[in-house]
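Me: Could you walk me through this one, with the cut-offs spelled out as you go?
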Amino acid sequence: MPVMLGSGQAWSKGGGGVTDLLGREPVALLWGLAGVLATLTLGALAALLLPRLKPGKDYRNLQQRVWSWWVMATLLAGALLTGWLAMTALFALVSFLALKEFLSLAPMSREDRPLILVAYLTIPLNYAIVLTNWYGMYLVFVPVYVFAAVPFLMACIGQTRGYLARSSVFHFGVVTCVYALGYIPLLMRVPQADAPQAGPAGLVFMLLFATEANDVLQYVCGKLLGRRKIMPKVSPNKTWEGFLGGWILTAGLIVLAAPHLTPLRGAGLWMVAILLPLAGFAGDVTMSAVKRDIGVKDTSQFIPGHGGVLDRLDSLIFTAPLYFHLVAYFALETY
Amino acid sequence: MSFPRVLFLTLVAKPIARIMTGADVSGGEHLPEQGPAIVVANHQSHVDTLLLLSMFPARALKDVRPAAAADYFLKGRLMSWFSRNVIGIVPVERKKIGRHFDVLAPAREALAEGAIVVVFPEGTRGEASDDIGRLKGGVARLAEDFPDAPVVPVWIAGAGRVLPKGSGVPVPLNCCVLVGPALKWRGDRHGLMDEIRQALERLKAEAPPLRWN
């Protein structure tokens, strides 16, 4: 665990070949990735051994779920170690898959098809701003300019049937699936000097790890202790015990791990520890409300055992922008 | 041409279908693994053919042949080459129906060779929000001639949004393919057509809601 390492400028000293490649990576990040690898190995062992130890149940979903975690973790770890360009490409693709899922579920009509294409066009534009590392423009491009341009285009093609509802649906989709997720590769552009502990990859790793850990810990605490329903109208399976247990455990995890992976200290560290799990919960519940409105349980079956891309990303959509701005405000010189 | 075709469909068509349409398949275990077999599907878009070709495992793919309108798919040399060698169509001469011409002959020939023939009994593409169109009876006559061939119903949801009839620009949106249990020939053409319609209606009801109006 990264907890065991001293903070400050810690880099691993590698030999040749693969160790040389990894040798350029910060020690804390490698420890973090090793922790993920260990967790996934435990998951794979459980998926392999449980059917033998406790036969009779259907373990197909568990096995698919674990296998999908391996694929997702490999893609993300690969991008983290390769650098910001790979991360930008990966999240441009993820944004596309997520937005496609959202637009496929939202109420649309044949005359909306040109607007759907415009919505997809925001992906290369948004991520091109990440490539140029133009922070000020990134902040306003989708929320201000796309927000103004789409309703105007709709007016230009004379589409006024359900005008307000339709333009809102487009904006909701682009902000959640493109703008919010783009913060992750944008975080990879933080200068090394601003985050000497583990570089920009350490910042991103902390965000991804804390968000997914919060998802899993809320679920596990809910399964083990859950009694009182927290939002029966939106997510009947969520409980106060799951929410609070996940909150406390994830906050603890952040307080212990973040000093090794990020420049967060003191008030900033505590703010992230307290607010990130809350944002994850909020994202989860918000997407559940969207799914309830549309009348589906999962947003698609794209990720075997998990459901859709949006089902997996719901909490990250809320944690990514919040984490970026908290880290930028409290701990980064550049922003 | 069989091996390059399967390679192209597996390495190019399948990833495109997966990225651009999600291509969620449920009930895939009902798909026939070898011919002769008949697959009946609803029809909204050319994307239907792409989805049907990308849902089969590679070992079955070499036998899969969609029945398609000769007047449309054999128009022009390039289109004709692509239709025959890549899509692998069984041509149906729609315009010669009722002129003492056996329009089903190529499909019968393909089934005799052990093909999995895909038929769109609606005869043409409908709108994404449409109900099932009037089903033409050719598929029942094929089933009568090959009484042991399973008739597998398939409902494709959402393809009419990606590329509707009359549009040249595909818009990426998710599609679902639902495969139902095979129907058997019981000696009655009308009875089989009714069963097909009911099976398609059932699959349609299971599909995720399409908010397309």
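Me: Which residue pairs with Glu241(A) in a salt bridge?
Reply: This is a predicted model, where local features need pLDDT of at least 70, side-chain atom pairs count only at pLDDT 80 or more, and totals for chains, interfaces and linings use all residues. Numbering runs from 1 along each chain as its sequence is written, chains are lettered from A in the order written, and side-chain values use heavy atoms, leaving out hydrogens and water. A salt bridge needs a side-chain nitrogen of Lys or Arg within 4 Å of a carboxyl oxygen of Asp or Glu. At 3.1 Å, N to O, the partner of Glu241(A) is Arg228(A).

Me: How many residues apart are Glu241(A) and Arg228(A)?
Reply: Helices (H or I, at least four residues) and strands (E, at least two) are DSSP runs, numbered from the N terminus. Glu241(A) belongs to helix 9 (residues 240-261) of chain A, and Arg228(A) to the loop between helix 8 (199-225) and strand 1 (229-231). The pair links distant parts of the chain, with a separation of 13 residues.

Me: What is the count of salt bridges between chain B and chain A?
Reply: Over all chains, the rule gives 15 salt bridges. Between chain B and chain A, though, the count is zero.

Me: So how many residue pairs are in polar contact across the interface of chain B and chain A?
Reply: Here a polar contact is a pair of N or O atoms within 3.5 Å; within protein, one must be able to donate a hydrogen and the other to accept it, and residues adjacent in sequence count only if both atoms are side-chain atoms. With both residues at pLDDT 80 or more, the interface number is 14.

Me: Which element of chain B gives the largest share of the side that touches chain A?
Reply: Helix 1 (2-21) and helix 8 (159-162) of chain B each give two or more residues to that side. The largest share, four residues, comes from helix 1.

Me: And which element gives the largest share of the nonpolar patch on chain B?
Reply: Patch residues have over 30% relative accessible area and no salt bridge, with nonpolar side chains (Val, Leu, Ile, Met, Phe, Trp, Tyr) joined within 5 Å. Phe3(B) and Trp81(B) are among the members, and the patch has about 870 Å² of accessible area together (Shrake-Rupley, 1.4 Å probe, only the protein chains shown as cover). Seven of its residues come from helix 1.

Me: Any backbone oddities? Which peptide bond is cis?
Reply: Most peptide bonds are trans. The exception here has omega near -10° and runs from Gly35(B) to Pro36(B).

Technical notes:
Patch = residues over 30% accessible without salt bridge, like charges linked within 9 Å, V, L, I, M, F, W, Y side chains within 5 Å.
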